[in-house]
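Open the model in your viewer and keep the sequence at hand. The stops below say what to select next and what is there.

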Amino acid sequence: MNKDRKIHGVDISKDVFDVMDPKGHHHQFINGPKGFKQYLKLLGEEDLVVMEATGYYHYLLAQFLYGSGIKVSVVNPLSVKRFRQMKLAKIKTDKSDAMAIRDYGLVNEVPLYDGKGKDHAESLQLLALMDIYLKQRTQVKNKLHGEKVLGVPSKAVYGSLKRMLKVLDRELCSLNERLLSLVKETQQQQLTNLKSIPGLGDKTVALLIVLTEGFTKFDNAGQLCNYAGITPTIRRSGSSVRGKSRISKVGNRKLRNLLFLCAFSACKHNKGCREIYERITAKGKSKKLALIAVSNKLLKQAFAIAKSGIPYDENYVSRLT
């Protein structure tokens, strides 16, 4: 409990950030250097600023406050959302969001920000831009296919689409190389250890390290699986409702999709994953369900390897997962 601490709740958007101070007063500042300096004047050494992880918007403020000697905590937005739901909050504004974040900090132990955010912020920016380019690449490929179906595609249109596809491929390759270099600079040993897990590729390992901040954001593998959205949800109520169990899908979609793709390779080369896949399919369950279970297993193996600090060993990992 942090009821004796002077806690500020900060809700950040692209252009502004809203603050609810310990006395219940609401403030709003420009999300930039000028606003940061104005807000700093309100803060003292005993204050703790709690904010949500909002892509890379929060990093500039978190870095500024940390560098100015102010205690900062960056919390999972999903945790705050559930906290609001438990309180049955009906009003949702920037002001009420800032108040909810402050109240969350008052009743929960929140982690202190360690200032290691510059490279991580760039990594998140790279991932965001790569997502945009991947969507554009899919659109261009679909358009190319559509032009071929016409039978008499315009040479100008077809040529332009082909050139655009090459540009996107080149940019994606460049961004991915930069992302890997950033991860290697800060987490080379962890990267090497995780790549030793049969089934996990470079992209998935790098994404795992970036999104989990080197696996420091989660206390156990269950929390990480929840974050990825690959834990089952049970649909059962009384004696009448008996729905099929499904994965929650409340989590990071990109990570979940990559893990699912890795599961195909893991079923062949990863002993623990292969055993789970064969056991589930032998019971007559669907292959998709088995692959989801493999994804879950891969994530638990990654967590065990990251926390132990040693490369993959199928006997050692099987005991931990």
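## A salt bridge between two helices

Start with K254, which has a relative accessibility of 25% and therefore counts as partly exposed. Keep in mind that this is a predicted model. Now add D131 to the selection: K254 and D131 form a salt bridge, with 3.4 Å between the closest N and O atoms. D131 belongs to helix α5 (residues 118–150) and K254 to helix α9 (residues 253–269), so the pair ties together parts 123 residues apart in sequence. D131, too, counts as partly exposed, at 29% relative accessibility.

## Along helix α5

Stay in helix α5 and select K143 and E147, which are four residues apart, about one turn of the helix. These two also form a salt bridge, and their closest N and O atoms are 3.3 Å apart. Is E147 buried or exposed? E147 is buried, with a relative accessible area of 9%, while K143 is partly exposed at 43%.

In general, side chains of opposite charge can pair when their charged atoms come close. The structure holds seven salt bridges. Another of them joins the side chains of R102 and D103, at 3.1 Å from N to O. Both R102 and D103 are buried.

## Where α3 meets α4

Next, select helix α3 (residues 77–86) together with helix α4 (residues 94–107); their axes come within 10 Å and cross at roughly 95°. That crossing makes α3 roughly perpendicular to α4. On the α3 side, the contact is made by S79, V80, F83 and R84. On the α4 side, the residues include D97, A100, I101 and Y104. Six residues of this contact are nonpolar, two are polar and three are charged.

## D11 in strand β1

Select D11, which is placed in strand β1. D11 is buried, with a relative accessible area of 9%. Which residues does D11 touch, beyond its neighbours within four places in sequence? They are V16, F17, D18, E52, D94, D97, A98 and I101. The C-alpha atoms of D11 and M99 are separated by 8.6 Å, although their positions lie 88 residues apart along the chain as a sequence separation.

## Two faces of helix α1

Finish at helix α1 (residues 33–40), where G35, F36 and Y39 are the buried residues. Viewed down the axis of α1, they fall within an arc of 105°, so they line one face of the helix. Their cover includes β1, β2, β3, β4 and α2. Turn to the face away from the buried side to find the exposed residues P33, K34 and K37.

Key
Residues numbered from 1 in each chain as written. Predicted model: local features only at pLDDT ≥ 70, side-chain atom pairs only at ≥ 80, totals over all residues. Heavy atoms only, no water. Axes fitted to C-alpha atoms, helices over the stretch in contact; angles between N-to-C directions. Parallel < 35°, antiparallel > 145°, perpendicular 65-115°, else oblique. Contact = heavy atoms within 4.5 Å. Nonpolar A, V, L, I, M, F, W, Y, C, P; charged D, E, K, R; others polar. Buried < 20%, exposed > 50% of the residue type's maximum accessible area, 1.4 Å probe, protein only. Arc of directions from axis to C-beta. Salt bridge = Lys/Arg side-chain N within 4 Å of Asp/Glu carboxyl O.
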